[in-house]
Amino acid sequence: MDKNKEIWIVAGILFALHFFNFLWLNSHYNAMITYEESVQAAWSQVENQYQRRADLIPNLVALFERYAAHEMKAFEEVAEARTRAASVRINSEVPTEETLRQYQRVQVELSTAVSRMMVISEGYPDLKASKVFEELNVQLEGTENRISVERKRFNEASQKYNTYLRRFPNSLLGRLFGFSPQAYFTAEAGSEKAPAIKF
């Protein structure tokens, strides 16, 4: 009987060790999933705000065409930049460093084209006085601010995720389960502020 009792005690201890190991591993794995999901949610919000801006641009262009029809080059630049921005799609839930750089580049081109068009509006007092133009301008400025906020949140979520992944033993577990660090949104010099458009 003593021998059976010892076997059961050893078996119980081994089971308890494996069970606690499983719980420990499970908690770290679930934390990685949670952080990764936070990054994906933050990236979705970045994309939503860029889409909001892209949706405002056709209204702005249509208004400009009514007041400044001979400024076709500016309209064409905005239309081409918007098309390029819309064509860059991130196939995974979260961008890689390369796809994020490409995405940023086309968004900067679009911002630059819209800014040029806004400068042109200075020469058209009737356009600037239009209530529709004023409302579009307010929406565009608000969207630029939202984009800035969402990029910041994306970077914060990426930082938390990346920091968690780099800590030991998470770095080993992360590699084992296929988790990899997320890219950060790095803006061009001076683009961390929304463009100031004054009328």
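Here are some short exercises on the structure above, which is a predicted model, each with a worked solution.

**Exercise 1. The span of a helix**

Work out why the distance between the end C-alpha atoms of helix 5 agrees with its number of residues.

*Solution.* Begin with the residues: helix 5 covers residues 131–166, which makes 36 residues. Next, take a rise of 1.5 Å a residue and multiply it by one less than the number of residues. The expected span is therefore 52 Å, and the end C-alpha atoms are 52 Å apart, so the two values agree.

Now look at the start of helix 5. There, a side-chain oxygen of Ser130 comes to within 3.3 Å of the backbone nitrogen of Val132.

**Exercise 2. Two rings on one helix**

Find how Phe15 and Phe19 are arranged as an aromatic pair, and how far apart they are along helix 1.

*Solution.* The structure has 9 aromatic pairs in total. In the pair formed by Phe15 and Phe19, the ring centres are 6.2 Å apart and the planes make an angle of 15°. Planes under 30 degrees apart count as stacked, so this pair is stacked.

Next, place the pair in the chain. Both residues lie in helix 1 (residues 2–67), 4 residues apart, which means about one helical turn separates them. An α-helix has 3.6 residues a turn, so residues three or four places apart point the same way.

Lastly, check the surroundings. Phe15 is exposed, with a relative accessible area of 59%, while Phe19 is partly exposed at 38%.

**Exercise 3. A pair that joins two helices**

Decide whether the rings of Tyr29 and Phe177 are stacked or edge-to-face, and state which helices they tie together.

*Solution.* The centres of the Tyr29 and Phe177 rings are 4.9 Å apart, and the planes are 70° apart. An angle over 60 degrees counts as edge-to-face, so that is the label for this pair. Tyr29 belongs to helix 1 and Phe177 to helix 6 (residues 170–177), so the pair links parts that are 148 residues apart in sequence. Tyr29 is partly exposed, at 30% relative accessibility. Phe177 is also partly exposed, with a value of 36%.

Ring pairs also build a cluster, which links Trp43, Tyr50, Tyr103 and Phe154.

**Exercise 4. Apart in sequence, and in space?**

For Gly142, Val61, Glu47 and Arg101, set the separation along the chain beside the C-alpha distance to a partner residue.

*Solution.* Take the residues one by one.

- Gly142 sits in helix 5 and is partly exposed at 21% relative accessibility. Gly142 and Arg53 are 89 residues apart in sequence, with 9.4 Å between their C-alpha atoms.
- Val61 is in helix 1. With a relative accessible area of 13%, Val61 is buried, because buried means under 20%. Val61 and Ala79 are 18 residues apart in sequence and 8.4 Å apart in space.
- Glu47, also in helix 1, is partly exposed at 25%. Glu47 and Asn145 are 98 residues apart along the chain, and their C-alpha atoms are separated by 14 Å.
- Arg101 is part of helix 3 (residues 97–120) and is partly exposed at 44%. Arg101 and Phe19 are 82 residues apart in sequence and 44 Å apart in space, C-alpha to C-alpha.

**Exercise 5. A peptide bond in a loop**

Identify what kind of peptide bond joins Phe168 and Pro169.

*Solution.* Look at omega for this bond: the value is about 5°, and the bond is cis. Most peptide bonds are trans. Pro169 is located in the loop between helix 5 and helix 6.

**Exercise 6. A pocket and its lining**

Describe the second largest pocket: how much space lies in it, and which residues are nearest its centre?

*Solution.* Start with the volume, which is about 180 Å³. Then turn to the lining, made up of 14 residues; Thr96, Glu97, Gln182, Ala183 and Tyr184 lie nearest the centre. Finally, sort the lining by class: 6 residues are nonpolar, 6 polar and 2 charged.

Note on methods
Residues are numbered from 1 along each chain as its sequence is written. This is a predicted model: local features need pLDDT of at least 70, side-chain atom pairs count only at pLDDT 80 or more; totals for chains, interfaces and linings use all residues. Side-chain values use heavy atoms; hydrogens and water are left out. A polar contact is a pair of N or O atoms within 3.5 Å; within protein, one must be able to donate a hydrogen and the other to accept it, and residues adjacent in sequence count only if both atoms are side-chain atoms. On a 1 Å grid over the protein atoms alone, a cavity is a set of points where a 1.4 Å probe fits but cannot get out, and a pocket is an open set with protein on both sides within 12 Å along at least five of seven lines; lining residues have an atom within 4 Å of a point. Grid points are joined across faces, edges and corners, and a volume is the space filled by probe spheres set on the points. Ala, Val, Leu, Ile, Met, Phe, Trp, Tyr, Cys and Pro count as nonpolar, Asp, Glu, Lys and Arg as charged, and the others, Gly among them, as polar. Rings of Phe, Tyr and Trp (its six-membered ring) pair if their centres lie within 6.5 Å; planes under 30 degrees apart count as stacked, over 60 as edge-to-face and the rest as tilted. Buried means under 20% relative accessible area, exposed over 50%, partly exposed in between (1.4 Å probe, protein chains only).
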